[in-house]
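Grab the model, open your viewer and try these short exercises. Each one comes with a worked solution, so have a go before reading on.

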Amino acid sequence: MIAKTMKTPYYAVIFTSVRTEGDQGYEETADRMIELAKEQQGFSGVESARSELGITVSYWESLEAINSWKHNTEHQMAQKSGKSKWYSKYAVRICKVETDYFFEK
C-alpha cells in the first residue's frame, strides 16, 4: 500500500536491510513497531517490501519526530534485537522530501 503522506516538505527514513535465517520473533516485532510508530507524534505513514533485500520507508513531519522515534524505549529494544539476531547488515538514510507526485487509476 502506498502511504498517504502530509503536505511537503516532510522527512523520509529509509531502512534497507538484509535478514539472517529464521524468524526468531521478527514478524511479530516488525508488526509491533509499525503499530507503535503510528502512535508517535509526527508519524505520517510507512511502506515496506521484502525479498532478498528489505526496504521500509517511514514518513515523518520533522527531524525531532524522527529523533523521538529513534529513542523510543521499545524501539531501542527492537534495534538491539535487530543487530544481534535479525539483520546481517542494514542502512538507515534520512531525507527531506521537497516534492511528491501520486498517480492512481
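**Exercise 1.** In this predicted model, work out how helix H1 (residues 26–38) and helix H3 (residues 73–86) pack.

*Solution.*
- Start with the geometry: the axes of H1 and H3 are 11 Å apart, and the angle is about 150°.
- Angles over 145 degrees count as roughly antiparallel, so that is what H1 is to H3.
- Now look at the handedness: the crossing of H1 past H3 is left-handed.
- Next, list who meets whom. H1 brings Tyr 26, Thr 29, Arg 32, Met 33 and Leu 36, and H3 answers with Glu 74, His 75, Ala 78 and Trp 86.
- Sort this contact by class and you get five nonpolar, two polar and two charged residues.

**Exercise 2.** Find the residues of the largest nonpolar core, and say which elements give two or more of them.

*Solution.*
- Select the eleven residues: Tyr 11, Val 13, Met 33, Leu 36, Ala 37, Phe 43, Trp 60, Ala 65, Ile 66, Trp 69 and Ala 78.
- Strand E1 (10–19), H1 and helix H2 (63–70) are the elements that each supply two or more.
- Zoom in on Trp 60. Setting aside neighbours within four places in sequence, its contacts include Tyr 11, Val 13, Ala 37, Phe 43, Ala 65, Ile 66 and Trp 69. Gln 40, Gln 41 and Gly 42 are also among the contacts of Trp 60.
- Don't miss the other core, which lies apart from this one: it has six residues, including Ala 3, Tyr 10, Tyr 59 and Val 97.
- For background, nonpolar side chains tend to be buried together in soluble globular proteins.

**Exercise 3.** Is Glu 52 buried or exposed, and what does it touch beyond four places in sequence?

*Solution.*
- Place it: Glu 52 sits in the loop between strand E2 (43–50) and strand E3 (54–60).
- Its relative accessible area is 75%, so Glu 52 is exposed.
- Leaving out residues up to four places away, Glu 52 touches Ser 17 and Val 18.
- Check a C-alpha distance too: Glu 52 and Arg 19 are 33 residues apart along the chain, yet separated by 7.7 Å.

**Exercise 4.** Track down the backbone features at Pro 9 and Gln 24.

*Solution.*
- Keep the usual case in mind: most residues other than glycine have a negative phi, and most peptide bonds are trans.
- In the segment before E1 you'll find Pro 9. The peptide bond from Thr 8 to Pro 9 is cis, with omega near 0°.
- Then go to the loop between E1 and H1 for Gln 24. It isn't a glycine, but Gln 24 has a positive phi of about 50°.
- With a relative accessible area of 43%, Gln 24 is partly exposed.

Notes
Residues numbered from 1 in each chain as written. Predicted model: local features only at pLDDT ≥ 70, side-chain atom pairs only at ≥ 80, totals over all residues. Heavy atoms only, no water. Axes fitted to C-alpha atoms, helices over the stretch in contact; angles between N-to-C directions. Helix = DSSP H or I, 4+ residues; strand = E, 2+ residues; numbered from the N terminus. Parallel < 35°, antiparallel > 145°, perpendicular 65-115°, else oblique. Left-handed = near helix turned anticlockwise from the far one by under 90°. Contact = heavy atoms within 4.5 Å. Nonpolar A, V, L, I, M, F, W, Y, C, P; charged D, E, K, R; others polar. Core = buried A, V, L, I, M, F, W, Y, C linked by side-chain atoms within 4.5 Å. Buried < 20%, exposed > 50% of the residue type's maximum accessible area, 1.4 Å probe, protein only.
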